[in-house]
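The following exercises are to be worked with the sequence and the coordinates at hand. Each task is followed by a solution in steps.

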Amino acid sequence: MSTLAISVKDLSKKYGDRVAVSHANFEVPLGTVCGFVGPNGSGKTTTMRMLLGLISPTGGTGTILGEPINHPERYLNRVGAMIEGPAFYPALSGAENLRVLATLGGYETGQVQSLLERVGLGDRGDSKYKTYSLGMKQRLGIAAALLPNPQLLMLDEPTNGLDPAGIQEIRELLRSLASQGITVFISSHLLSEIEMISDSLVMLRKGKVIFAGKTQDLLERQQPTIIAKCLNTQDLPKLIQIAQSAGHSGSTIGEEAHILASADWAATLNTLAFQAGITLSQISPVLPSLEETFFEMTGDDE
Amino acid sequence: MIRVFFAEWRKLRRPSLFAGTMGAVGAVTALVTSLLFLLLDSARGNAREGQMISRSTLEMAHGVSIGFSSSAGLLGLVALCVFAAQTAQEYTYGTLRNLLVRQPKRLTLLLGKFLAMTSFGLITVVFSAVVSTILAFTLSGKAKVATTAWTTGDARTAMLHTFINVFLSVVAYGTVGMILGLLFRSPIPAISIGVAWLLIVENIIAATVKNSGKWMPGQLMTTIASGGDLTATYSHAILMVTAYLAAGAIVVGILFRRRDVSN
């Protein structure tokens, strides 16, 4: 049995001369949360649609839960998905919309109420979908994705339109699903959210995978920074000079010295500063955030 | 397939659609049947295109079902609108992607939807038959039409034949609607082009080009409902409509199976 929830090799999609996805290669291990990030138009949704059998790849292969992606009927009964926002029948209630999909997929319609409660719509299930706010629609979309009790959950921007409390609830829900062994493949523009919940990351830019691997590995690959404050701000240029003579570049930003060096050099900097008669009031090593890394890698075109 | 059928029925049974469609069916049936009896002695005719259906014709065994069969064209248009809207809305709402994730066998999805809508069409035809029959008996006294022959075995046989023909005609109209819905992927162009062709273009062609009615799908679907008429024989109409619908179904079946779902 495959240990991979998703595996794609050279997956490509062209529309005429326009390349939407080019030779994408990545793997998502079973039981992990994988973030799928990239600027608008980078090919995230196209890739997800190919994985769900909604559009045909023009090249490459892939497997989902061990089954080839050109036979979606073999794996989709174990996959929950919400692609490009929620889409339901406006004149039907939220609950009835879920029953349509449950009936179609052959799932128990009796679970609809508990699913609605799980996503925070327990008391609005009988309201028509057209009366829902964007956040409620998102929640219904997530409930629909959970209908098959999935092994793999593919969510495209699930926190769009949610308020901070809603985002936190969804984060908790995804964490709880992941703790049950469900693989979550999630795209989002909220990179801080992705950073918090994902074990691994696939980053796309202009249809190409520019990183696929553990989130921590990506962050550690970026240049870490030590931020230091001097008791006497006039010592800042001298501190930068000390760092530069040790081979680390640095600059002054406001009342702080930002020195590009790994965390373990912080103690050395402290010693060197002391020896030079500089008293540091604060010294903290900082890893770049996913957001900073993202902008650096994607060229800030989001 | 059966799961698609029942899932589709969850949408078809919503009150606004179900009651609305039945209201429209009841209204057109009542209109056509009423005019048939109330304009019986009118010089301007009491049937489609100014035709005259006489009292003696109405008093025959099949007279009870003439109002019902005369409603078939309008019932067909209702079916076309429902089939087209139910199909094309899946694109405009973006719900097709949800359906295909839960039922990736595309032709199974299409066939299940078609069968569900066909059963919906059957209910509209039954309702129309009931409304028309009740009205025929109700208005027969005022129109001085004798109803003795309407309760015979021949009348029941005639009604059964009419029912089958009207049902086939309604399903054919509905299939045209579904084909247009799949082609245009939006209810408004699908319905407007379908209705404009059937009501305007075909009638203009039929009126200006001699014998063209026997090749026009809309005219032929009406011919099926009436069991054969001056336009064409019943068997010719069945053959031609089957050929048209089969060609259309094959084209949209291939398109639906291969086309990317990008919205």
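**Exercise 1. The end of a helix**

Task: Determine which residue takes a positive phi just after helix 8 of chain B, and compare the length of helix 8 with the expected span.

Solution: The model is a predicted one.
- Step 1. The residue that follows helix 8 of chain B is B:Arg185, and its phi is positive, at about 55°.
- Step 2. Helix 8 of chain B covers residues 153-184, a run of 32 residues.
- Step 3. From the first C-alpha to the last, helix 8 of chain B reaches 46 Å, which is close to the 46 Å expected at 1.5 Å a residue.

**Exercise 2. Two partners of helix 8 in chain B**

Task: Describe how helix 7 of chain B crosses helix 8 of chain B, and then how helix 5 of chain B does so.

Solution:
- Step 1. The axes of helix 7 (residues 106-140) and helix 8 of chain B come within 9 Å, with a crossing angle of roughly 140°. Angles over 145 degrees would count as roughly antiparallel; helix 7 of chain B is therefore oblique to helix 8 of chain B.
- Step 2. The crossing of these helices, 7 and 8 of chain B, is right-handed. Helix 7 contributes residues including B:Phe114, B:Met117, B:Gly121 and B:Val125, while helix 8 contributes, among others, B:Phe163, B:Phe167, B:Val171 and B:Gly174.
- Step 3. By class, the residues of this contact between helix 7 and helix 8 of chain B are 11 nonpolar and 4 polar, with no charged residue.
- Step 4. For helix 5 (residues 72-92) and helix 8 of chain B, the axes come within 7 Å and cross at roughly 35°. This crossing of helix 5 and helix 8 of chain B is likewise described as right-handed.
- Step 5. Among the contact residues are B:Leu75, B:Gly76, B:Ala79 and B:Phe83 of helix 5, and B:Tyr173, B:Gly177, B:Gly181 and B:Phe184 of helix 8. The contact of helix 5 with helix 8 of chain B divides into 18 nonpolar, 6 polar and no charged residues.

**Exercise 3. The contact between the chains**

Task: State how many residues of chain B are in contact with chain A, and characterise the side of chain B that touches chain A.

Solution:
- Step 1. The contact involves 23 residues of chain B and 24 residues of chain A.
- Step 2. Helix 1 (2-12) and helix 6 (96-102) of chain B are the elements that each give two or more residues to the side touching chain A.
- Step 3. That side of chain B consists of 9 nonpolar, 6 polar and 8 charged residues.

**Exercise 4. The sheets of chain A**

Task: Give the strand order of the open sheet of 4 strands in chain A and of the open sheet of 6 strands in chain A.

Solution:
- Step 1. The sheet of 4 strands has the order 2-1-4-5, and its pairing is antiparallel. Strand 2 (18-29) and strand 5 (67-68) of chain A each have a single partner strand, so one side of each has no neighbour in the sheet.
- Step 2. Strand 1 (residues 4-15) and strand 4 (residues 59-64) of chain A run antiparallel and are joined by 5 bridges. A:Val8 is opposite A:Gly62 of strand 4 of chain A.
- Step 3. The sheet of 6 strands has the order 6-7-8-3-9-10, with mixed pairing. Its edges are strand 6 (79-82) and strand 10 (208-214) of chain A, and the twist averages 10° from one strand to the next.
- Step 4. Strand 7 (residues 152-156) and strand 8 (residues 183-187) of chain A run parallel and are joined by 5 bridges. A:Leu153 has A:Val184 of strand 8 of chain A as its bridge partner.

**Exercise 5. Helices of chain A**

Task: Establish which strands helix 1 of chain A lies across, and how helix 2 and helix 4 of chain A cross.

Solution:
- Step 1. Helix 1 (residues 44-51) of chain A lies across strand 1, strand 2 and strand 4 of chain A, at about 115° to strand 1.
- Step 2. Helix 1 of chain A also lies across strand 3 (33-37), strand 7, strand 8 and strand 9 (200-205) of chain A, at about 150° to strand 7.
- Step 3. Helix 4 of chain A packs on the sheet by touching strand 6 and strand 7 of chain A, and its direction makes about 160° with that of strand 6.
- Step 4. The axes of helix 2 (residues 94-105) and helix 4 (residues 134-146) of chain A come within 10 Å and cross at roughly 30°. Helix 2 of chain A is therefore roughly parallel to helix 4 of chain A.
- Step 5. The contact is formed by A:Gly94, A:Asn97, A:Leu98 and A:Leu101 of helix 2 with A:Leu140, A:Ala143 and A:Ala144 of helix 4 of chain A. These residues are 5 nonpolar, 2 polar and no charged.

Notes. Residues are numbered from 1 along each chain as its sequence is written. Chains are lettered from A and ligands numbered from 1 in the order in which they are written. This is a predicted model: local features need pLDDT of at least 70, side-chain atom pairs count only at pLDDT 80 or more; totals for chains, interfaces and linings use all residues. Axes are lines fitted to C-alpha atoms, for helices over the stretch in contact, and angles run from 0 to 180 degrees between N-to-C directions. Angles under 35 degrees count as roughly parallel, over 145 as roughly antiparallel, 65 to 115 as roughly perpendicular and the rest as oblique. Two residues are in contact if their C-beta atoms, placed from the backbone, lie within 7 Å. Ala, Val, Leu, Ile, Met, Phe, Trp, Tyr, Cys and Pro count as nonpolar, Asp, Glu, Lys and Arg as charged, and the others, Gly among them, as polar. Two strands pair if DSSP finds at least two bridges between them. The expected span of a helix is 1.5 Å times one less than its number of residues. A crossing is left-handed if the near helix is turned anticlockwise from the far one by less than a right angle, and right-handed if clockwise.
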